Every structure is written in C-alpha cells, then in structure tokens.
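Q: Please take a close look at the place where the ligand sits. What surrounds the ligand there?

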Amino acid sequence: MRIVYVSAVNEKCRVSGKRLIEVIDFGEQPLGNGFLKQEQFGEEYFFNMRVGFCEESGLLQLFDQPSPEAMFHEEYAFFSSTSTEMSKHFKSWAKSVATSSDTKNPLVIEIGCNDGIFLENFVNTNIRTIGIEPSENVANIAKSKGVMVENSFMNIPLAEALLSEHGSADYITAANVICHIPNILELAKCIDILLSDNGKFIFEEPYLGDIIQKCAYDQIYDEHVFLFSCISVKNLFNKLDLELIDAQPQVTHGGSMRYTIGRKGFNDVSDNAKKILENEYSMGLNKIESMLRLSENIKQSKNKLVEILENLKSGGSQVCGYAATSKSTTILNYCNIGPDLIQCIYDTTPLKQGKFSPGMHIPITDWKEFNLNMPDYTFLFAWNHLKEIMAKERAYTSQGRKWITHIPTVQIS
Ligand code: TYD
C-alpha cells in the first residue's frame with residue numbers, strides 16, 4: 001500500500017502571495033534522498049509534486065513540499081564531499097572570500113554547511129566561522145573537521161541569538177541550500193538581521209536558465225522548492241533592505257548561479273548582474289509561456305527516454321545506472337522506470353549501498369562492482385559530474401560500452 005502524505009497544500013507564491021499558475025504535475029513522488037531498506041517499503045513517504053510559477057515574483061516553485069524534518073535528519077544521505085571537483089570548487093570560493101575580506105577578524109556564517117566542505121578551509125585562519133546545519137550526521141562530520149556548527153534550521157530566533165553572541169556577519173554563504181527553504185521571506189529576514197552594513201550574502205543554486213536550456217527537469221525534487229533566476233532573486237531581496245549586486249555563472253550542479261546580495265545603497269550593481277538580468281528578460285524567464293514550453297519539453301524527454309529503455313530491454317541488453325543522485329528520483333518516478341528497465345544503480349556512498357532507490361526500488365550497488373560487471377548501457381544520473389566521471393571510467397568507455405543521458409536531449413553515446 002502506498003501512503004501519500006498531504007502537508008498543507010500551498011497554492012500561493014511564497015514571495016508575492018499571488019496565486020501560482022500550474023506548470024507541470026509530476027504526480028506522486030517520494031523524497032529525493034529517501035533511499036530505503038526493503039523492510040521500509042510499506043512506510044515510504046510520497047507527496048504530490050506539482051510545479052507552479054508566479055509572473056510577479058518570477059519564481060518557479062513547488063506547490064507543496066514534505067515537512068523539513070522528513071527531509072533533513074540524522075540519516076540525511078547527501079554528503080557534499082563525495083565529489084573531488086566540488087571540494088576544489090569550495091576551496092577556491094573560500095580563498096576568494098578570505099582574500100576579499102578587509103575586516104580584522106571577519107565572521108563567515110554558512111547556512112547548510114553539510115559535512116564542512118566549505119568551512120573546513122577556514123580552520124586555523126583568523127576568520128571566524130559558524131556553520132548552520134540541521135542534519136545531525138553531516139553536522140557531526142563538519143564538527144570532526146574542527147568547524148563550529150549549530151545543529152539547527154536557520155530561523156529568526158537563531159539569527160538574533162547569533163547576532164547577540166557573535167556580532168554581525170561579514171559574509172553569509174550558502175550553496176545549494178537556499179532553494180531548500182520554503183519560508184524564504186523569513187530566510188531573507190534572517191540575512192537582514194545578521195549582515196553587517198558592508199556585508200555580503202553570497203549563495204549559489206542550480207540556475208533556472210540552465211534548467212530550461214538543458215531540460216534538466218531532474219533538478220526539480222522535494223528539496224528544491226525554488227528554482228531561482230536573477231529576476232526572482234532580485235524581486236525577493238528587494239522586499240527588504242537588500243539588493244542583488246552581482247551574479248556569476250558556475251559550472252557546478254550542471255549550471256548554477258552565484259548571487260551576491262548587499263545592503264541597499266552600500267554597493268554598485270555589477271555590469272555582469274545587469275547583463276544577465278537583461279538576458280533573462282529577453283529569454284522570458286519572467287513569463288509563464290517560457291515555463292509551459294519547458295513543461296512540453298519535459299514530457300517529450302520522458303517519452304523518448306522510456307522508448308529507448310524499452311527497446312534496449314526487448315533487445316536483451318543490460319542497462320544499469322551510475323550515481324544514485326537525488327535528481328534520479330524525479331526521472332525514475334516520473335518516467336516510471338523500475339528494476340525491469342534499470343537493473344541497479346552503482347554509487348560510491350556507503351549509506352546508500354545495499355538500499356533501494358526511492359519509489360521505484362532499484363537496488364543501489366557499491367560502485368566498486370561497476371567495472372566488474374561492465375553493463376552494456378549505463379544511464380548517467382550524475383550528468384553534472386560528467387568530466388570527473390568520464391575521466392574515472394575510461395576503461396568502461398574504451399571497451400565500447402555505452403552511456404545514456406537525457407541532457408540536453410535523450411541520447412546514447
Ligand atoms: P550529485 O549530482 O552531486 O547530487 P544530487 O544527489 O544532489 O543530485 O551526486 C551525488 C551522488 O552521486 C552521490 O550519491 C555519490 C554519487 N557519485 C558517484 O557514485 N560517483 C561519482 O563519481 C560521483 C561524482 C558521484
């Protein structure tokens with residue numbers, strides 16, 4: 001029996017309060033990171049994943065989302081440090097924060113510090129850091145690296161407590177976290193409370209412009225309640241004493257944007273931010289028509305993928321998956337792909353190995369067995385780590401085995 005949880009169904013934009021227009025209904029979806037054991041199949045969490053858009057705020061968002069406690073807990077399955085490229089990315093970001101700081105004893109607060117992949121770079125420097133992390137297991141890893149962590153969700157009482165204990169922050173950072181926070185106006189208020197006059201709030205998130213161009217609909221899952229653009233970020237922070245002052249595209253997560261927010265009147269808006277905003281208006285990122293086109297492309301992508309997998313199955317080929325990403329949950333459940341079409345998914349995360357994928361229950365197998373098995377075809381779920389994985393899996397490719405991807409179009413290569 002399948003239990004579908006209904007948390008308070010939200011019909012309104014979380015920034016403007018206007019009624020959302022439906023863009024696509026993905027149907028019943030489990031938690032993106034809800035990898036589970038066989039004995040847990042009967043108690044799995046499902047929710048109805050509908051995506052809506054608001055032209056006033058320009059924000060693409062989920063109508064409804066599971067409770068934060070269901071998603072972020074002591075067994076949270078995503079560890080930032082599983083990718084070496086991501087470790088390098090955070091190291092270089094930390095360096096740029098350290099070198100641009102002109103305060104004597106600067107304070108950096110990271111919202112959602114995960115296993116400390118960013119803040120560990122400041123340990124044993126003159127920069128004070130505090131990580132805010134609700135998932136206890138990853139928070140403990142950060143602590144073991146010497147990072148000071150508040151094991152909590154970010155909220156106004158915590159922001160006020162941090163301000164009175166440590167003073168205002170020179171930098172507040174977040175990576176792939178702000179899109180997780182449904183009460184986004186409260187989050188913006190926390191920034192307003194904590195940021196010093198010259199302080200910067202810098203955060204990066206999967207970018208709506210890339211999602212549309214690549215039809216990367218797998219970026220939409222329970223945790224990603226928002227899919228941001230410069231337009232929507234600008235509109236959000238304009239509601240407070242804050243503004244978007246810079247935007248820098250990033251290659252991480254298959255195309256992200258790094259947004260910098262400052263206090264109104266304390267900074268110039270960069271040419272880059274102005275240029276990207278102009279480009280977004282010309283792409284129609286504030287228009288429902290563009291979102292409905294995305295919806296059409298998603299439906300076509302699904303049909304093509306299912307057709308390819310069905311053909312491979314009837315031809316007797318062995319198809320497996322590579323990397324049990326949270327993103328894969330949307331593809332598998334939306335396209336109704338189970339172990340009959342994808343036998344297993346190879347993954348490096350010990351916490352996921354021996355478990356099953358959320359909803360469709362495909363077995364997750366230790367990545368070390370990938371090269372022993374050498375499946376005929378492998379669906380690359382971690383397409384955002386393409387470079388790193390292709391370098392690692394040369395032996396597989398050189399034997400003439402094939403990769404399947406759905407980005408930017410469904411194809412075998
Ligand atoms: P990622 O695309 O970073 O995350 P998300 O879960 O947010 O979609 O992928 C992380 C997952 O991919 C994690 O389970 C580890 C796995 N992975 C591998 O198995 N091998 C690899 O080489 C890489 C880079 C990731």
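A: Start with two helices. Helix H10 (326–334) and helix H12 (386–392) each supply at least two residues of the shell around the ligand. Keep in mind that this is a predicted model.

Now take the whole shell. It has 16 residues. The closest are Ser 326, Lys 327, Asp 347, Lys 352 and Lys 392. By type, the shell divides into 6 nonpolar, 6 polar and 4 charged residues.

Next, look at single contacts. In the side chain of Lys 327, an N or O atom is 2.6 Å from an oxygen atom of the ligand. In the side chain of Lys 392, an N or O atom is 2.5 Å from a ligand oxygen. Thr 349 takes part too: one of its polar side-chain atoms lies 3.1 Å from an oxygen atom of the ligand. How much of the ligand does the protein cover? On its own, the ligand has 560 Å² of accessible area, and the protein covers 97% of that.

Then turn to the cysteines. The structure holds 0 disulfides. Why does Cys 54 form no bond with Cys 13? Cys 13 has the closest cysteine sulfur, but that sulfur is 3.9 Å away, too far for a bond. A disulfide needs the two sulfur atoms within 2.5 Å. Cys 54 counts as buried, at 3% relative accessibility.

Cys 190 has its closest cysteine sulfur in Cys 113, 16 Å away, so the pair is too far apart for a bond. Cys 190 is buried, with a relative accessible area of 0%. Cys 190 is one of the buried residues in H5. In helix H5 (residues 184–194), 8 of the 11 residues are buried, so the helix is largely enclosed by the rest of the structure.

Key
Residues numbered from 1 in each chain as written. Predicted model: local features only at pLDDT ≥ 70, side-chain atom pairs only at ≥ 80, totals over all residues. Heavy atoms only, no water. Buried < 20%, exposed > 50% of the residue type's maximum accessible area, 1.4 Å probe, protein only. Helix = DSSP H or I, 4+ residues; strand = E, 2+ residues; numbered from the N terminus. Near = heavy atom within 4 Å. Polar contact = N/O pair within 3.5 Å; in protein donor to acceptor, adjacent residues only side chain to side chain. Areas by Shrake-Rupley, 256 points an atom, 1.4 Å probe, with all protein chains shown as cover. Nonpolar A, V, L, I, M, F, W, Y, C, P; charged D, E, K, R; others polar.
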